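Good morning, everyone. Please have the viewer open, and let's walk through one protein together.

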Amino acid sequence: MSTAAQIRAEARKGSGARTGDGTRIHTRARRRPWTPSQIVLTLLATAVSAVFLAPLVWALFTSLKSETEAVEVPTHWLPKVWTTQAWSAIFETGNITNWFVNSVVVSVCVTAVVLSVSALAGYGFARTEFRGKNALLGLVMTGLMVSPAVLGVPLFTTVQQMGMVDTYWGMILPQCAPAAMVYILYKFFQGIPRELEEAAFIDGAGRWRVFFTIVLPLSRPSLAAVGIFTFIASWNNFLWPYMVTNNPDLMTMPNGIATVMNSYGIQWAQLMAGGLMAGLPLIVVFVFFQRQIVAGVAHTGLAGQ
């Protein structure tokens, strides 16, 4: 290959070229100019991102103001005097460390139980035949039409009769009836080719071995999405832990922060600091697992519904 041809070939690769004496000629691969549609979509995405990020930025700046400055009229974005007084106060006025640990324990336990129950129930409905299957599936699906707030009183009465008020189990178990998650995994399991399971049955594998060695590994995107959705819902759950918990040491983050605000009045800087701390784990989960969320929804067959 001639020197000119070699230069052109390496220039197309974008890694630079060498002349006959070994001197490297730095070249840049040409970038295609943006089309009008790409420019419009980029501007639109930037505007939407700004709308969603503005409340978080406002909360962060407000938490770094003094309480007097936080309620000044007219309001302003940047603090005149930067201070961490609100962050220090939120740790001093409430047992926020215990609340954070309680939220982690409850959310992780609820997520683990929901994943186990949903995977077993969804696979059972998708792959096994038994008498009354359609009626039982319809009964499970009716849970999608019932608001959790409607079940608050009967659930509390049941938990109270079982002696689980002011316990972790009282906060965890009533959140482990996941009709929506069962439906998501049920739809996904229906899309797995039966030939894979039939081949394993021919090789002598049993139902449980097929479930754990074939079905579950193929279901990782959907399981990840279900786990993330459940964790977020449990972390944000305010009503049920508020009903079933009277002990301040067992409160979760939303309940604990609300109690502090009610006891000491509305301190806006502290309120913003507590809200940011309560929302930080959810932001981290979404940032690091957004691909799993998108892939899980895409693989369940719910994206077009």
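Helices and strands here are DSSP runs, numbered from the N terminus. A helix needs at least four residues, a strand at least two. With that, I can place Pro-74: it sits in the loop between α3, residues 67-70, and α4, residues 85-93. The peptide bond leading into it, from Val-73 to Pro-74, is cis. Its omega is near 0 degrees.

Keep in mind that this is a predicted model.

Now the overview. The protein has 305 residues, and 33% of them count as buried. I count 15 helices and 2 strands. Take the contacts between residues at least 6 apart in sequence: 67% of those join residues at least 24 apart. As for the surface, about 18,700 Å² is exposed. Carbon and sulfur atoms supply 66% of that area.

Next, the inside. In soluble globular proteins, nonpolar side chains tend to be buried together. Here, the largest nonpolar core has 32 residues. Which residues have the most contacts inside it? They are Phe-189 and Val-215. Several helices give two or more residues to this core. Among them are α5 (96-127), α9 (179-190), α11 (207-218) and α12 (220-236). The list also includes α6, α8 and α13. Another core lies apart from this one, with 13 residues. Trp-235, Ile-257, Met-277 and Ala-278 are among its members.

Let's zoom in on Phe-189. Skip its neighbours within four places in sequence. Phe-189 is then in contact with Ala-119, Gly-122, Tyr-123, Ala-126 and Arg-127, and also with Val-215 and Ser-219. So Phe-189 and Val-215, the two with the most contacts inside the core, are in contact with each other.

On to empty space. Rolling a probe the size of a water molecule over the atoms shows where empty space is left. The largest pocket holds about 830 Å³. It is lined by 29 residues. Which ones are closest to its centre? Pro-148, Pro-174, Gln-175, Ala-177 and Pro-178. The elements α5, α6, α9, α12 and α13 each give two or more residues to the lining. By class, that lining has 23 nonpolar residues, 6 polar and no charged ones.

The second largest pocket has a volume of about 200 Å³. Its lining includes Phe-52, Leu-53 and Leu-56. Ile-232 and Asn-236 line it too. So do Leu-282, Ile-283, Phe-286 and Val-287. Three helices each supply at least two of the lining residues: α2 (36-63), α12 and α15 (268-300). Which of them gives the most? That is α15, with 4 residues. The classes here are 8 nonpolar, 1 polar and no charged.

Now some single residues. Start with Ser-63, in helix α2. Is Ser-63 buried or exposed? Its relative accessibility is 0%, so it counts as buried. Leave out the neighbours within four places in sequence, and Ser-63 still has contacts. They are Thr-83, Ala-86, Trp-87, Ala-269, Met-272, Ala-273 and Leu-276.

Thr-97 is in helix α5. Thr-97 counts as partly exposed because its relative accessibility is 49%, and the limit for exposed is over 50%. Follow the chain from Thr-97 to Met-253, and the two are 156 residues apart. Their C-alpha atoms, though, are separated by 9.1 Å.

Look at Val-294 in helix α15. With a relative accessible area of 59%, Val-294 is exposed. Its C-alpha atom is 9.4 Å from that of Ser-222, with the two positions 72 residues apart along the chain.

Glu-198 belongs to helix α10, residues 194-202. At 44% relative accessibility, Glu-198 is partly exposed. Its C-alpha atom and that of Val-210 are separated by 9.3 Å, and the two residues are 12 apart along the chain.

One last stop: Asp-166. This residue lies in the loop between α7 (152-161) and α8. Its phi is near 60 degrees, a positive value in a residue other than glycine. Asp-166 is partly exposed, at 27% relative accessible area.

That's my tour. Over to you for questions.

Terms used. Residues numbered from 1 in each chain as written. Predicted model: local features only at pLDDT ≥ 70, side-chain atom pairs only at ≥ 80, totals over all residues. Heavy atoms only, no water. Core = buried A, V, L, I, M, F, W, Y, C linked by side-chain atoms within 4.5 Å. Buried < 20%, exposed > 50% of the residue type's maximum accessible area, 1.4 Å probe, protein only. Contact = heavy atoms within 4.5 Å. 1 Å grid on protein atoms, 1.4 Å probe; cavity = no way out; pocket = protein on both sides within 12 Å on 5 of 7 lines; lining within 4 Å. Points joined across faces, edges and corners; volume = space filled by probe spheres on them. Nonpolar A, V, L, I, M, F, W, Y, C, P; charged D, E, K, R; others polar. Areas by Shrake-Rupley, 256 points an atom, 1.4 Å probe, with all protein chains shown as cover.
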